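Here is a quick tour of the model you have open. Keep the viewer handy and follow along part by part.

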Amino acid sequence: MIRVRKIAHASYETPDLDQQTEYYTNILGLTLTAKDKDAVYLANTVDHHSVVLRKGAQAQCARVGFQIAPDADLNEFEKQTQAQGVKTSRKKDPEPSISDMLCFKDPKGTDIEVFKRDDFYHQKYQSKGVVPHKLGHVAFHCEDVKKVSKFYVDVLGFRESDWMADFFVFLRCGPDHHTINLMGTGSNRHFHTAFEVRNWGHLQEACDFLSLNGYRTLWGPGRHGIGHNLFAYHRSPNGMITELFTELDQMQDEELGYFAPRPWHRDNPQRPKIWEKDPNASNLWGPGPPEEMMK
Ligand SMILES: [Fe+2]
């Protein structure tokens, strides 16, 4: 099958476009690459955009974009998607740097956008704000976690990295332990969006920078059990949760089937598995997520 290779962008609707744009540029430190009458495009570096903001009545993650390989055939990918019983449509030149996009909905109602990137944008990383390496993953609450997880595996070619009991799944489409996570909580909505920072020092600087600008951490810093990434969560101005992370487990070789060994692993080798619902699964260092995280 043709599999998606990476997360390309996440598109949000937000009531106050200017306020959220200010957060993404001056606080998170993404580069504003384009602005048209209804959308703001923000980038990390090689891609034209990693985040798209549009005005909407309520804050939500409406779409997630994924790239297929440069030599993969989007027509074939469309046929393969339709063969799974998924209704698809095509958009020509929908966004800057994307000439041909395949669109469909996942079972929880999020628009999925699959494409090949036409060109790189060569912009430099910004020198203000947190300046993460990249958009890492998007996590969602969902009604039917098994069904949505199966869709990402069967339609998009994701692999299951870990489950927490039977209600929280972490899915990968590349070496990163997770690119999409789905938590069965009875409703379909955004949970958090995560950006990768350089290292522990960068995470510390980011927490200080956030604090100086009035953003308090919601949970962390800590080290997750599942994925083993260092993490710190905060809320962006529109209420949506952002995670900054580093040292996420890497499946460097799918054939070998285990994550690159690290001193903080309890399993050697660390393979994809079902974790018990244990405090260590969410935070190896200390407290679990506060109630506030689930709002
Ligand atoms: Fe996360």
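## How the two domains meet

In this predicted model, 36 residues of domain 1 are in contact with 34 residues of domain 2. The domain assignment puts domain 1 at 6-115 and domain 2 at 134-289. Taken over C-alpha atoms, their centres are separated by 21 Å.

## The nonpolar cores

The largest nonpolar core has 57 residues. If you want to find its busiest members, pick Tyr24, Phe66, Phe104, Val114, Tyr152, Leu156 and Leu182, which have the most contacts inside it. This core draws at least three residues from each of domain 1 and domain 2. There's also a second, separate core of 15 residues, with Phe170, Met183, Phe191 and Ile226 among them.

Val114 makes a handy starting point. Leaving aside neighbours within four places in sequence, Val114 is in contact with Val4, Phe66, Ile68, Leu74, Phe77, Asp100, Met101, Leu102, Phe104 and Leu156.

## The sheet with β1 to β8

Next up is an open sheet of 8 strands with mixed pairing, in the order β2-β3-β4-β1-β5-β8-β7-β6. Because β2 (31-35) and β6 (89-95) stand at the edges with a single partner strand each, one side of each has no neighbour in the sheet. On average, neighbouring strands of this sheet are turned by 25° against each other, direction ignored. Zoom in on β7 (residues 98-105) and β8 (residues 111-115) and you'll find antiparallel pairing over 5 bridges. In that pairing, Met101 has Phe115 of β8 as its bridge partner.

Two helices go with these strands. Helix α1 (residues 17-27) packs on the sheet and touches β1 (6-14), β2, β3 (39-43) and β4 (51-55); the direction of α1 makes about 165° with that of β4. Helix α2 (residues 74-82) lies across β6, β7 and β8, and runs at about 5° to β7.

## Tyr41 in β3

Is Tyr41 buried or exposed? Tyr41, which lies in strand β3, has a relative accessible area of 3%, so it counts as buried. Not counting residues up to four places away in sequence, Tyr41 touches Thr31, Leu32, Thr33, Ala34, Asp36, His48, His49, Val51, Val52, Arg54, Glu95 and Pro96. For a sense of scale, Tyr41 and Asp166 are 125 residues apart in sequence and 36 Å apart in space, C-alpha to C-alpha.

## The sheet with β9 to β17

The other open sheet to look at has 9 strands and mixed pairing, in the order β14-β15-β16-β13-β9-β12-β11-β10-β17. Here β14 (217-223) and β17 (273-275) stand at the edges; each has a single partner strand, so one side of each is left without a neighbour in the sheet. From one strand to the next, the twist averages 20°.

Strand β9 (residues 134-142) is a good place to trace the pairing. 7 bridges join β9 to β13, and these two run antiparallel; within that pair, Ala139 has His192 of β13 as its bridge partner. Helix α3 (residues 145-154) packs on the sheet, where α3 touches β9, β10 (159-164), β11 (168-172) and β12 (180-184). The direction of α3 makes about 160° with that of β12.

Strand β12 is mostly covered, with 4 of its 5 residues buried. β12 runs parallel to β9, joined by 5 bridges, and Gly184 in β12 stands opposite Cys142. With β11, β12 pairs in the antiparallel sense over 4 bridges; one bridge there has Met183 of β12 as the partner of Phe168.

## The iron site

Which protein donors hold the iron ion? They are His137 (NE2), His192 (NE2) and Glu243 (OE), lying 2.0 to 2.1 Å from the ion. Along the chain, these donors follow the spacing H-x54-H-x50-E.

His192 lies in strand β13 (residues 189-196) and Glu243 in strand β16 (residues 241-246), so this pair ties together parts that are 51 residues apart in sequence. Both His192 and Glu243 are buried.

Definitions and conventions. Residues numbered from 1 in each chain as written. Predicted model: local features only at pLDDT ≥ 70, side-chain atom pairs only at ≥ 80, totals over all residues. Heavy atoms only, no water. Core = buried A, V, L, I, M, F, W, Y, C linked by side-chain atoms within 4.5 Å. Buried < 20%, exposed > 50% of the residue type's maximum accessible area, 1.4 Å probe, protein only. Domains from an automatic or database assignment. Contact = heavy atoms within 4.5 Å. Pairing = 2+ DSSP bridges. Axes fitted to C-alpha atoms, helices over the stretch in contact; angles between N-to-C directions. Donors = N, O, S within 2.8 Å, 3.2 Å for Na, K, Ca; no water.
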